[in-house]
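Work through the exercises below with the sequence and the coordinates at hand. Each task is followed by a solution in steps.

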Amino acid sequence: MVREEGVSSLGRGVTPNVFRAVLINPSQLASYDFFEAELLKTKYLGTVATTVCSPADVLKSRLMNASGPGSNSTIGLIRASMKAEGAMFIFDVWLPAWTRLQPTTILIFLTFEQLKNGVDWSRAKGFTYL
């Protein structure tokens, strides 16, 4: 890649990937608190996170796969995709992303709940860690 496209090609997709990380964590945590309190179910967490992050995932993947001069412009990529596919292109990989994220999200928060229960139990017994 470096030989054919230059060193800057190694950083292609970094900005959308950081943007995705900024979106996914708050969307999972905020939806977790809401759905835990309202529904006591975790199945919707992956749906919220996937929907929030799908645009960033699509842009990241397309930027990373783009080649040629001027192909690393996010705005240019958005314009070209909107023209060729319409606005729904940003949800192009929603179902595969949801299929991947849903089980992970459920496992993360089931583990999180067990850790919280363990901390509550240890505090009730008078254990301190500091």
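## Exercise 1: Salt bridges

A network of salt bridges links Arg62, Glu85 and Asp92. The model is a predicted one.

**Task.** Determine how far apart the closest N and O atoms of Glu85 and Arg62 are, and which helices hold the two residues.

**Solution.**
1. The closest N and O atoms of Glu85 and Arg62 are 2.8 Å apart. A salt bridge needs a nitrogen of Lys or Arg within 4 Å of a carboxyl oxygen of Asp or Glu, so the pair qualifies.
2. Glu85 belongs to helix H4 (residues 74–85) and Arg62 to helix H3, so the bridge ties together parts that are 23 residues apart in sequence.
3. For Glu85 the relative accessible area is 44%, which makes this residue partly exposed.
4. Arg62 has 19% relative accessibility and counts as buried; the cut-off for buried is under 20%.

**Task.** Find the salt-bridge partner of Asp57 and state whether Asp57 is buried or exposed.

**Solution.**
1. A search of the whole structure gives four salt bridges.
2. In one of these, Asp57 pairs with Arg20, with 2.2 Å between the closest N and O atoms.
3. Asp57 sits in helix H3 and Arg20 in helix H2 (residues 14–38), so this pair connects parts that are 37 residues apart in sequence.
4. Asp57 is buried, at a relative accessible area of 9%.
5. Arg20 is also counted as buried, at 14% relative accessibility.

**Task.** For the salt bridge between Lys116 and Glu113, give the N to O distance and the separation along the helix.

**Solution.**
1. The N to O distance between the side chains of Lys116 and Glu113 is 3.3 Å.
2. Both residues are in helix H5, three residues apart, so about one helical turn separates them.
3. Lys116 counts as partly exposed at 32% relative accessibility, whereas Glu113 counts as buried at 19%.

## Exercise 2: Aromatic pairs

**Task.** Classify the ring pairs Trp94–Trp98 and Trp121–Phe127 by geometry.

**Solution.**
1. A pair of aromatic rings is described by the distance of the centres and the angle of the planes.
2. The structure contains three aromatic pairs.
3. For Trp94 and Trp98 the centres are 6.2 Å apart and the planes make an angle of 10°. Planes under 30 degrees apart count as stacked, so this is the class to assign.
4. Trp94 and Trp98 are four residues apart in helix H5 (residues 94–124), about one turn of the helix.
5. Trp94 is partly exposed at a relative accessible area of 25%, and Trp98 counts as partly exposed at 26%.
6. For Trp121 and Phe127 the centres lie 6.0 Å apart and the planes stand at 40°, so this pair is tilted.
7. Phe127 is partly exposed, its relative accessible area being 45%.

## Exercise 3: Core and contacts

**Task.** Identify the residues of the largest nonpolar core and the helix that supplies its largest share.

**Solution.**
1. The largest nonpolar core consists of five residues: Val58, Leu59, Leu63, Leu77 and Phe89.
2. Helix H3 supplies three residues, the largest share of this core.

**Task.** Describe the surroundings of Ser54.

**Solution.**
1. Ser54 is located in helix H3 (residues 45–65).
2. Its relative accessible area is 0%, so Ser54 is buried.
3. With residues up to four places away in sequence left out, Ser54 touches Ile90, Phe91 and Trp94.

**Task.** Find the C-alpha separation of Ile106 and Gly46.

**Solution.**
1. Ile106 is placed in helix H5 and is partly exposed, with a relative accessible area of 25%.
2. Ile106 and Gly46 are 60 residues apart along the chain, and 7.6 Å separates their C-alpha atoms.

## Exercise 4: Surface patch

**Task.** Name the residues of the nonpolar surface patch that includes Met1, and give their joint accessible area.

**Solution.**
1. The patch is formed by Met1, Val2, Val7 and Leu10.
2. Together these residues have about 400 Å² of accessible area.
3. Met1 lies in the segment before helix H1 (2–5).
4. The relative accessible area of Met1 is 52%, so Met1 is exposed; the class requires a value over 50%.

Terms used:
Residues are numbered from 1 along each chain as its sequence is written. This is a predicted model: local features need pLDDT of at least 70, side-chain atom pairs count only at pLDDT 80 or more; totals for chains, interfaces and linings use all residues. Side-chain values use heavy atoms; hydrogens and water are left out. Patches are made of residues with over 30% relative accessible area and no salt bridge: like charges are joined within 9 Å, nonpolar side chains (Val, Leu, Ile, Met, Phe, Trp, Tyr) within 5 Å. Accessible areas come from the Shrake-Rupley method with a 1.4 Å probe; for residues, only the protein chains shown count as cover. Buried means under 20% relative accessible area, exposed over 50%, partly exposed in between (1.4 Å probe, protein chains only). Contact means heavy atoms within 4.5 Å. Rings of Phe, Tyr and Trp (its six-membered ring) pair if their centres lie within 6.5 Å; planes under 30 degrees apart count as stacked, over 60 as edge-to-face and the rest as tilted. A nonpolar core is a set of buried Ala, Val, Leu, Ile, Met, Phe, Trp, Tyr and Cys residues joined through side-chain atoms within 4.5 Å.
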